[in-house]
Amino acid sequence: MKEVTCPSCSGVVEVGDDEILVNCPFCRNQFSVIRESLDFTIDKGVLIKYNGEDSEVEVPSGVTSIGVTAFLDKNTLSKIVLPEGVTELQSGFMRCSNLETIILPNSLEIIPQMAFQGCISLKSLVLPKNLKSLGEMAFYDCKKLSSIEIPPMVETVDCAAFFGCESLETISYYKTTKFTGEHFQGCGSLSLVNVLDSKTGKIVSQKRIEEDEYGLRRF
């Protein structure tokens with residue numbers, strides 16, 4: 001037997017190792033869990049909760065969205081692989097303090113606010129080429145993130161997306177991308193950013209980052 005969380009009422013339900021469809025005794029909602037170890041609670045393509053304790057996790061195919069608390073505070077995790085077909089995250093990786101690597105699919109279009117907030121060990125991340133939206137405080141306090149390239153389809157990077165990324169040395173973005181508000185406070189290692197040509201992807205200019213009297217780092 002293993003405990004899983006009902007996606008409708010958050011009730012904790014005991015299920016057998018061979019069960020796939022579960023009827024919640026609290027709200028009578030029926031939801032699905034997969035794999036023999038019941039590591040994943042999935043409802044209508046949304047990964048509601050990862051119930052396992054592995055350090056490396058590969059999310060199964062068929063998942064299209066990562067729920068708000070799917071991996072919240074999962075400190076056992078060091079690597080996560082998301083499958084093609086996932087189009088959005090819902091702040092599902094907050095405070096995964098030992099997460100070093102995440103593989104994002106090219107189908108991903110939305111990284112919302114605070115998606116990776118507090119992932120203090122995150123080192124390796126390649127943003128997918130079809131990404132369109134990078135939300136406020138998305139990488140807040142990712143202290144070990146050293147470089148990142150923002151894909152060309154991202155039109156706007158919301159405020160404080162990289163706040164507190166103290167190891168960030170290099171950031172590259174395309175000419176069509178706009179930044180809103182303050183992004184680089186606490187990014188003490190960042191001094192230059194690369195501006196890329198929208199067609200060739202080559203560096204067309206560099207901008208120097210300077211710290212003002214309030215400790216804010218600006219173009």
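The chain's accessible surface comes to about 10,600 Å², and 46% of that belongs to carbon and sulfur atoms (Shrake-Rupley method with a 1.4 Å probe; for residues, only the protein chains shown count as cover). Keep in mind that this is a predicted model: local features need pLDDT of at least 70, side-chain atom pairs count only at pLDDT 80 or more, and totals for chains, interfaces and linings use all residues. Residues are numbered from 1 along each chain as its sequence is written, and side-chain values use heavy atoms, with hydrogens and water left out.

**Overall build**
- The secondary structure adds up to 0 helices and 21 strands (DSSP runs numbered from the N terminus: H or I of at least four residues for helices, E of at least two for strands).
- The radius of gyration is 19 Å, close to the 17 Å from the globule rule for 219 residues, so the chain is as compact as a globular protein of that length (radius taken over C-alpha atoms; the rule is 2.2 Å times the number of residues to the power 0.38).
- Along its principal axes, the C-alpha trace spans about 60 × 35 × 25 Å.
- Of the 219 residues, 46% count as buried (buried is under 20% relative accessible area, exposed is over 50%, partly exposed is in between; 1.4 Å probe, protein chains only).
- Among contacts with a separation of 6 or more, 19% come from residues 24 or more positions apart (contact means heavy atoms within 4.5 Å).

**A four-stranded sheet**
- One open sheet of 4 strands runs β14-β16-β18-β19, with mixed pairing (two strands pair if DSSP finds at least two bridges between them).
- β14 (147-149) and β19 (203-208) sit at the edges with a single partner strand each, so one side of each has no neighbour in the sheet.
- Inside that order, β16 (residues 170-174) and β18 (residues 192-196) run parallel and are joined by 5 bridges; T170 has L192 as its bridge partner in β18.

**Positive phi in two loops**
- Most residues other than glycine have a negative phi.
- K44, in the loop between β5 (40-43) and β6 (46-50), has a positive phi near 55° and is exposed at 78% relative accessibility.
- A160, in the loop between β15 (156-157) and β16, has a positive phi of about 65°, but A160 is buried at 9%.

**Around N106**
- N106 sits in the loop between β11 (101-103) and β12 (110-111) and is partly exposed, with a relative accessible area of 32%.
- Not counting residues up to four places away in sequence, N106 touches E84, P128, K129 and N130.
- K79 is 27 residues from N106 in sequence and 18 Å away in space, C-alpha to C-alpha.
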